[in-house]
Every structure is written in structure tokens, then in C-alpha cells.
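Q: Please take a close look at the salt bridges in this model. Where do the paired side chains sit, and what lies around them?

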Amino acid sequence: MDLREDVSILLKHILEHSFDEIFIADAVGNILYTSQTTEKMFGIPFKPKMNQNIFELEKEGVFSPSVIANVLRSARKETRIQETIHNRKTIISGYPIYDDKGILIGALSFSRDITEFEYLKNENEQVAKAVQLYKKEIEKLKKQAINTFFPNNEKMGKVLDVISKVTDLDVTVLLVGESGVGKNRIARMIHEMSKRSIHPFIEVNCGAIPESLIESELFGYEEGAFTGAKKGGKQGYFEAAGEGTLILDEIGELPMNLQVKLLSVLQNKSLMRIGGKKSVQLSCRIICATNQNLEELVNSKQFREDLYYRINIVKIIIPPLRERREEIISLIFDITKEMNKKYDMNKRFTPAMLAWIGQQEWKGNIRELRNFIEKAVITSGEDEIDFEIDGEDFEQISEKRMKETTLQKYMESIEKEFIMRMYQKYPSSIKLAEKLNISQSTANRKIQKYIEER
């Protein structure tokens with residue numbers, strides 16, 4: 001038998017193996033055909049009884065409403081999503097059937113179970129909500145991690161808020177601030193809190209490299225590019241940074257002829273080595289830093305305007321140390337620990353000395369403070385460093401300091417620094433109270449007074 005000649009057999013197999021549930025009804029709604037899995041989806045037998053009618057099933061709630069019934073009523077195509085009595089969600093498309101004379105003789109529908117799709121959709125929505133929640137939690141954790149380095153300060157709080165938002169963004173950051181405010185420290189923090197933390201962090205001081213060498217140091221060179229070039233050539237700092245972070249410190253000192261090349265690197269994410277013939281693709285993040293007023297340099301034609309706008313996408317102005325005194329005591333402890341390790345010592349400052357250091361202007365910012373502490377650690381004859389350091393006359397300074405303060409203010413300054421430092425390790429009123437052997441209400445008052453104050 002030729003299958004092409006027996007259309008009924010062919011249609012039967014199409015109906016039985018269709019992915020969709022198929023209903024066929026005559027003009028008055030009597031069901032002529034249903035798919036084998038109809039009972040599972042709609043709760044009616046595979047082989048319906050002769051008197052089973054689509055309009056009756058609609059009244060019974062088996063279909064609510066019936067797409068085929070609507071098609072028979074309107075003689076128009078209809079598609080809708082509905083839920084079955086077995087709580088299955090389906091998408092149903094119904095079509096009218098006409099004879100050769102255009103008379104409506106029935107209708108058929110195709111039903112597809114989309115319950116699993118709806119479940120997956122809801123799951124995806126839940127996952128998306130969870131991802132957003134996790135992102136918010138990660139932002140909180142980032143801020144908490146940053147605040148362990150920088151005690152509470154309104155100006156630094158704004159800086160740290162920006163930092164937490166840009167750590168994982170592939171955007172050029174411009175750090176601006178006085179010499180010694182910790183621009184490199186901030187740059188390293190951005191690197192260590194980003195996805196690039198496992199890759200290199202390279203610092204380049206554009207003002208410390210001789211002008212004759214800076215191009216080859218930054219961009220690298222090929223073998224034979226110039227007299228004295230190494231065999232095999234050499235990578236520049238941009239390539240060496242790989243997928244890590246490159247900080248260009250003192251960017252205002254970069255020669256004008258290299259500013260053009262830097263602009264090209266930033267725009268194209270690629271460079272050409274000196275003497276090279278092919279471009280090298282770059283994937284490092286670039287952070288620029290300066291203690292100069294780049295706007296003034298642009299106006300005086302010492303810095304390219306187009307480069308300035310290219311690096312000034314996210315500008316972070318870091319306040320001087322005198323405007324964030326809350327950080328000084330933490331810095332003293334950290335730097336002293338570093339120097340003790342460096343020189344194999346066990347020095348510490350007296351409370352009076354700590355209070356005095358915390359009140360100074362430190363015009364040279366962290367760099368000046370570091371130099372002072374290093375000198376104190378080296379020259380002090382005792383493990384406890386007081387107002388007796390070679391080459392410094394602290395007697396008059398100490399007397400002036402004591403005249404300018406009261407005992408209450410002095411004790412409060414010591415208590416404040418102690419509470420702030422302990423709160424970094426025990427960041428809740430319960431933990432802090434337990435550690436300091438005080439009541440939780442007292443711990444709360446101390447936190448509100450010293451930690452949450454703005």
C-alpha cells in the first residue's frame with residue numbers, strides 16, 4: 001500500500017505523534033477527536049462518549065472557558081492561556097473549520113502545556129531577585145570591608161561610597177588629592193576589592209621615570225628598536241599588568257608627546273610597542289592619580305584637554321588627613337606594626353603621645369605621618385614611645401597641648417580612639433559589650449557617640 005495514497009493513515013499518525021494536545025469538534029460541539037494525553041491534562045477520557053459535548057464540558061468547568069466553544073460561537077480564530085482542573089497551565093489556539101462552500105462544520109484546537117515554562121519563568125524571576133539581593137549584600141560587605149580601613153568620617157564616607165560602586169566596573173578612575181593623602185592606598189583597595197585582585201597591581205610614577213625612558217617603560221619595545229634594546233624586546237607596564245590594575249601616579253607629569261599615545265591606548269584598548277608592527281590588545285584596568293590641578297594644566301596647554309576628559313570619567317577627590325582625623329589613630333597602629341616588623345622591634349606610643357599625634361595638622365598627610373612614626377620607632381630608646389625622641393623638642397609642644405585641652409576632652413579623645421578601634425573588630429553592641437565587660441546599653445551609647453556621629 002502506498003502511504004501517499006492513504007491520507008487517512010498519514011493524518012492519524014500526525015495526530016497521534018503531535019507534541020500538542022489536539023481537539024476536534026463538529027459544528028454543534030460534539031468531540032470527534034482528542035489526543036491520548038488529554039485525560040492527564042484536562043481530565044477527560046481519550047475516547048470520549050458519543051454524547052460528550054464541548055459546551056457541556058465548559059459548563060462543568062473542565063474548560064473555563066472553552067476555546068473551541070468560543071471559536072464555534074464567533075467563527076473566528078482564538079488564542080488564550082488558561083488553567084485546567086488539574087492545575088496545568090496551557091496555551092490554546094483554536095481555529096474554525098469550513099467546508100468547500102464556506103459553511104462552518106466544526107473547529108479544532110492545539111493545546112500546549114506551559115506549566116513547566118511558567119515554573120521556570122517564576123524560578124528565573126526568583127533567581128533574578130536573589131541576584132539583586134546578593135548584589136546589595138555584596139555592596140554592603142564592600143562598604144564594611146572599606147570601613148575597617150577608614151573609620152567613620154563624612155567626607156571619606158562619600159569617597160568610599162563611590163569606591164564600592166566602581167570596583168567591578170571597567171572604567172578609568174581619576175584620584176585627586178594632596179601629596180601623601182593615600183591615593184596609592186585607595187587604588188590598591190579598588191584593585192583588591194575587584195575581580196582583578198588575583199592579577200598584578202602595578203604602580204608607575206610618571207614623574208620619577210626619566211623622559212627618555214618613560215615611553216619604553218610604559219609601552220615596551222621590540223628587539224632592535226633602538227641602540228641598547230634587549231634581545232627579544234621587552235614588555236611595557238601596560239602589558240605586564242595583564243588583566244590586573246595599572247595606576248599611573250602623577251599623571252600630570254606625563255610628557256605631551258606621550259599623552260597622545262596614552263589617549264590612543266585608553267580609547268582603543270591596544271598599543272604598539274616601540275619598533276613594533278602589530279598592535280597588542282590590553283585588558284588591564286587603568287587608574288590615574290595626581291596632586292595637581294589638571295584643569296589649570298589644560299588651560300595652560302600643559303595637559304591635553306581630550307586626555308583629561310578621557311581619564312575624568314569617575315573623579316574621586318581624597319580629603320587631606322587633617323580633615324579625617326578619625327583615621328589617624330588607626331594609621332598610627334598600622335604603621336607602627338609595620339615598622340616593628342621591618343626593624344624587628346616592639347615599640348608602642350603612650351596614650352598622651354597618641355593623643356598629641358592625633359591633634360597635629362600633618363600637612364604632608366600620611367607620608368609625613370609615616371616618616372614621623374618610622375623616625376620615632378628607630379630613635380626612641382624605650383619600647384614605649386613618649387615625648388622624648390632625638391632631634392625633637394616635645395617639652396614645649398606637650399605643655400602647649402596640655403594648656404589647650406581639659407582633662408575631660410583628653411580622656412574623651414582616648415576613649416573615642418579606643419572604642420572606634422574595638423568596634424572594627426567587634427561590630428555590634430552585643431559583641432562590644434561582652435568584650436569590654438560593660439552593659440549593652442552603655443555599648444550602644446558609646447557607638448552612637450563615637451561611631452555613628454557625623
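A: The salt-bridge pairs come first, then the helices and the core around them.

This is a predicted model, in which local features need pLDDT of at least 70 and side-chain atom pairs count only at pLDDT 80 or more, while totals for chains, interfaces and linings use all residues. Numbering runs from 1 along each chain as its sequence is written, and side-chain values use heavy atoms, with hydrogens and water left out.

A search of the whole structure finds 20 salt bridges (a side-chain nitrogen of Lys or Arg within 4 Å of a carboxyl oxygen of Asp or Glu). One of them joins Glu222 to Arg273, with the closest N and O atoms 3.9 Å apart. Glu222 sits in the loop between H8 and helix H9 (237-240), and Arg273 in the loop between strand S9 (270-272) and strand S10 (279-281), so the pair ties together parts 51 residues apart in sequence. Helices (H or I, at least four residues) and strands (E, at least two) are DSSP runs, numbered from the N terminus. Glu222 is partly exposed at 25% relative accessible area. Arg273 is buried at 14%. Buried means under 20% relative accessible area, exposed over 50%, and partly exposed in between (1.4 Å probe, protein chains only).

Glu361 pairs with Arg325 at 3.0 Å between the closest N and O atoms. Glu361 lies in the loop between H14 and helix H15 (365-379), and Arg325 in the loop between strand S12 (314-317) and helix H13 (328-343), so this bridge ties together parts 36 residues apart in sequence. Glu361 is partly exposed, at 40%. Arg325 is also partly exposed, at 25%. Helix H14 (residues 351-359) is mostly covered, with seven of its nine residues buried. Among them are Met353, Leu354, Trp356 and Ile357.

Arg304 and Asp306 meet in a salt bridge at 2.7 Å, N to O. Arg304 is partly exposed at 27%, and Asp306 is partly exposed at 32%. A network of salt bridges links Asp170, Arg196 and Lys269.

Now the nonpolar side. The largest nonpolar core has 33 residues, and Phe238, Leu248, Ile251, Phe303 and Ile311 have the most contacts inside it. Such a core is a set of buried Ala, Val, Leu, Ile, Met, Phe, Trp, Tyr and Cys residues joined through side-chain atoms within 4.5 Å. Elements that each supply at least two residues of this core include helix H8 (211-219), helix H10 (256-268) and helix H12 (305-311). H10 gives the largest share, five residues.
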